[in-house]
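Dear colleague,

I am passing on a structure that I would like you to look over when you have time. The sequence and the coordinates come first, and my notes on them come after.

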Amino acid sequence: AKLNTDDDDDLFEAELRKANAEMIRENPNPANALRAFNNLIIKYTHKSSAHLARARALEQLAEIRQSNEILEQAIDSYKRYLAFAELISDDGEFRAAGERCIEHLRFMGYQQQAVAIHELLIDRFWEEPQQRNQLTLTYLMINNLELVRRTAGNTLKIWPQDALAQLYYGLAVKQLDRDYARALPYLKYGMESGLRGTQEGFFYLALGETLQRLGKQSEALAVYERGVEKQFFPSVYQRALYNEPHLRAQPFWDVAETGYAESFEKLQRNWSAIRDEALALLNHHGNFQEETEQLRDTGDWTQYELYAQGQRVGRNCQRAPITCALLAGFFPAATSCRRGQVKFSAMRAQTHVWPHCGPTNCRLRAHLGLVTPEPQLTSLRVAEQLRTWQAGELFIFDDSFEHEVWHNGTELRLVLIVDVWHPDLTADQRLSMSEI
Ligand code: LMR
Ligand code: MN
């Protein structure tokens, strides 16, 4: 075995400098630099700075080539560097490397792996609340609200005034406990701080919704107005976060305006067969699922999905063959709508659905009335217009606009919900859009 000598170190530094020169010259060449770092690492596996330099070359190359495979190698190199923790004296370099590594892991969807890096940073920079807040944010990204509440709660034990931790904590309290009164002061304090990380459309929606659910309508409106000013969503009534520009936007649509009249009329002509199929399914307990987005205030509201995100829900379609046969091959704007669903929606009497907005302006939502009792006691509000359901009749609304539902009657209400691509979207847009 060879002993480490100062000569060795000098030689290493010289070789590292030479390799680095490829990265910092006028036309950086990360591919050449990478070759140099690869060679360097064979000889000097025990040098943390070689791994760091390789990580940086790889992340640049990943960017240039738009390659996730190379990005994974960059992540790997960062991890090797970070594993030297005890031996690394440069705090700034260590922090920056950890943060880059976490950024890449989040991008790749490897939040679970990111947790280990967060823990390294929290250990080393225990006096920085942001390290704990970043861990909380990673948990928020995977929607693990239990862990959001726990980590934000722990941050607040040390730094009770930390605005970001309060915001995260308030969000978890709202979602998990549905205790809007308790969540409000946390959310408000967090948002009013204006701190980096707090100004996100998502948080504006959460604060506004909390205010609305507490009946503080004008305060909610002020929050939404600020969200519009910051261009998180198109208007105080249209509060979707995943939007395409230049699409026509109005609360209700005529069938003729959509360009899908033929397909809608086919469904409408067959409404009683659709109804019978839905009722038969509804009679078997467990077929319909509870709504899961916490939109229901009171009552009982369940759904049965036939298509979701542009995919046929095979198991469910098998048990609703007529309805699915009326869609498959006949209504591509619905069956291929990767930003929507087709589903039966059953609402029992004495149900109230909180005001809410859909996630995207890229779809329109049709309701075909199947069982529609007590028209005076059931209604759907979209923005400032009220409608009710009629058996065999259909209406179309843009569910990115705020809507709210009341069923103050005594009997079941059942509708078929059909989401379709917004007619202004081109074929290319429909193909390239991510699913929601
Ligand atoms: C909604 O889309 O939020 C509601 O209109 C659904 C329903 O069943 O009324
Ligand atoms: Mn809705």
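The notes below go from the overall picture to the metal site and then to the surface.

Please keep in mind throughout that this is a predicted model. The protein has 436 residues, of which 50% count as buried, and its secondary structure comes to 19 helices and 13 strands. Along the principal axes, the C-alpha trace spans about 90 × 50 × 40 Å.

The metal site is where I would begin. The manganese ion, which is ligand 2, is coordinated by the NE2 atoms of His 356 and His 403, at 2.2 Å. Because His 356 belongs to strand E7 (residues 351-356) and His 403 to strand E12 (residues 403-407), the pair ties together parts of the protein that are 47 residues apart in sequence. Are these two histidines buried or exposed? His 356 has a relative accessibility of 8% and therefore counts as buried, since the limit for that class is under 20%; His 403, at 4%, counts as buried too.

On the surface, a patch of negative charge is formed where Asp 6, Asp 7, Asp 10 and Glu 13 gather. One of these residues, Asp 7, is placed in helix H1, which covers residues 6-24, and with a relative accessibility of 61% Asp 7 counts as exposed, because that class begins over 50%.

Helix H1 also holds Ala 21, whose relative accessible area of 36% makes this residue partly exposed. The C-alpha atom of Ala 21 is separated by 7.9 Å from that of Ala 33, although the two residues are 12 positions apart along the chain.

There is also a nonpolar patch on the surface, formed by Phe 202, Leu 241 and Tyr 242, which together have about 290 Å² of accessible area. Of these residues, Tyr 242 is found in the loop that runs between helix H12 (217-229) and strand E1 (252-253). With a relative accessible area of 48%, Tyr 242 is classed as partly exposed, so this residue falls between the limits of under 20% for buried and over 50% for exposed.

When you open the model, I suggest looking at the manganese ion with His 356 and His 403, and then at the two surface patches, the one of negative charge and the nonpolar one.

With best regards

Definitions and conventions: Residues are numbered from 1 along each chain as its sequence is written. Chains are lettered from A and ligands numbered from 1 in the order in which they are written. This is a predicted model: local features need pLDDT of at least 70, side-chain atom pairs count only at pLDDT 80 or more; totals for chains, interfaces and linings use all residues. Side-chain values use heavy atoms; hydrogens and water are left out. Patches are made of residues with over 30% relative accessible area and no salt bridge: like charges are joined within 9 Å, nonpolar side chains (Val, Leu, Ile, Met, Phe, Trp, Tyr) within 5 Å. Accessible areas come from the Shrake-Rupley method with a 1.4 Å probe; for residues, only the protein chains shown count as cover. A salt bridge is a side-chain nitrogen of Lys or Arg within 4 Å of a carboxyl oxygen of Asp or Glu. Lys and Arg count as positive and Asp and Glu as negative; His and the chain ends are not counted. The place of a charge is taken as NZ of Lys, CZ of Arg, CG of Asp or CD of Glu. Helices (H or I, at least four residues) and strands (E, at least two) are DSSP runs, numbered from the N terminus. Buried means under 20% relative accessible area, exposed over 50%, partly exposed in between (1.4 Å probe, protein chains only). Donors are N, O and S atoms within 2.8 Å of the metal (3.2 Å for Na, K and Ca); water is not among the atoms, so sites may look incomplete.
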